[in-house]
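Visitor: Could you take me slowly through a single part of this model, and explain each term as you come to it?

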Amino acid sequence: MTDGSNILRASYHTLGCKLNFSETSAIGMQLSRRGIVKALPDEIPDIVVVNTCSVTEVADKKGRSLIRRLRSRWPEATLVVTGCYAQLKPQEVAAIDGVDIVLGNDEKLRISDFLEQWESDRRSRVAVHDYLDIREFRGACERGDRTRYWLKVQDGCDYFCTYCTIPFARGRSRSGSIRELVAEAEKAAEAGGKEIVLTGVNVGCFGKDTGEDFLELLRRLDDVEGIERYRISSIEPNLLTERILSWIAGESRAFMPSFHIPLQSGSDEVLRLMNRRYRTDLFTERISMIRDLMPDSFIGVDIIAGARGETEEEWEKSFSYAASLPVSRYHVFPYSERPGTKALGIDYQVSQEEKHRRVAMLTKLSDEKQSAFSRRFFGTERPVLWEHPDAGDEEMMYGHTDNYLRVRAKASASLYNTITPARINGFLDSDTLDAVVVY
């Protein structure tokens, strides 16, 4: 794609989930193998890649705003838009002034082919498969500019929750093979990686299409020498089985005591309307089991405020249930109407004003939970993986404990990408704790 005398530079921009970040990193590595280098902050890129999200209407708006801002900043660059917004609304994206190439989720990891076509004829393209035709698993295991690797183990979803467009954006559930994924982890270890986050749309469905078992994948990854930490990015409560939890607590060498589990509502009636695969009794069992087996675990929980059907009575049930759970943090989302979803057929709607009130209440609850969880560890020592610092902040370094507390300490370049004990002293802000390295 380059002849050596005219090196092309690309700028990458990602919205949304860890899976998107993993795939953006994979795109960057793919283009680097074609001789396209990542543009530095002060350089003008020849190519701009935007990997979008579409989980809510706000995500769509952020995508449009980012695309327009980048086009205004670099009007001569080739602008490629991909991701879930591009998959769900390709013509809307293509109509944004200055967009040159629109790629669906099945096409994003073939970006170099489309750029070569663009170089040959300078013709705008929209390449998007219908979600029913998305059947191939395209892997990714990259870290980009970060310390942790993201290993994509699964893609797509078969659940079709009534409020969600992700199955239409990502297609049906499909997985990599254990052999291939272990090989990717081994490559990460050879490159010096210490921590891998397992990503996907519905990672607990791993192996549904291949006949392999998620727990067996975890066991095989656990055996990879050099990788000292694994985390599961997010997993449905009905798929986080007792077998998995018992294995992590009792036998695993490297899987960390941190979990991200979507609840979405603390009302059984709303869960039914959402077409979720569990009810609050099962969720309670899973949280209780984690706390019994791994008391220091970080437990992050997704919850939606103001979904269709969430009457005042159901909201009170949901909030009361959320308040009762011994979790570490809530990730709060206001319900967003998504075109084509079955939730639009549910009559009861929550006003925007009431949604904002419920979001505020859940956010306050989350802050209280996170503060209480963090305070438990003041004055204690936890192992921390120290991350490479962000540009412009060379005096301090950041990292995460085994149970996913974010900490900051005085920088020492020799400690980057190493795991050392650190003593936790107190809060720096609501999300970061002050720590001192224990030598």
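Guide: What follows is a close look at one strand and its partner, with a short turn to a loop residue at the end. This is a predicted model, in which local features need pLDDT of at least 70 and side-chain atom pairs count only at pLDDT 80 or more, while totals for chains, interfaces and linings use all residues. Residues are numbered from 1 along each chain as its sequence is written, and side-chain values use heavy atoms, with hydrogens and water left out.

Strand β12 covers residues 229–232; helices (H or I, at least four residues) and strands (E, at least two) are DSSP runs, numbered from the N terminus. Both of its faces are covered, since Arg229 and Arg231 on one side are buried, as are Tyr230 and Ile232 on the other; buried means under 20% relative accessible area, exposed over 50%, and partly exposed in between, with a 1.4 Å probe and protein chains only.

Strand β11 (residues 195–199) runs parallel to β12 and is joined to it by four bridges, where two strands pair if DSSP finds at least two bridges between them. Leu198 has Ile232 in β12 as its bridge partner. From β11 the chain passes through helix α8 (residues 214–222) to reach β12, in a right-handed β-α-β crossover: with the strands pointing away from the viewer, the path from the first strand over the helix to the second runs clockwise.

For the loop, turn to Asn275, between α10 (268–274) and α11 (280–293). Asn275 has a positive phi, near 65°, whereas most residues other than glycine have a negative phi. Asn275 counts as partly exposed because its relative accessibility is 34%.
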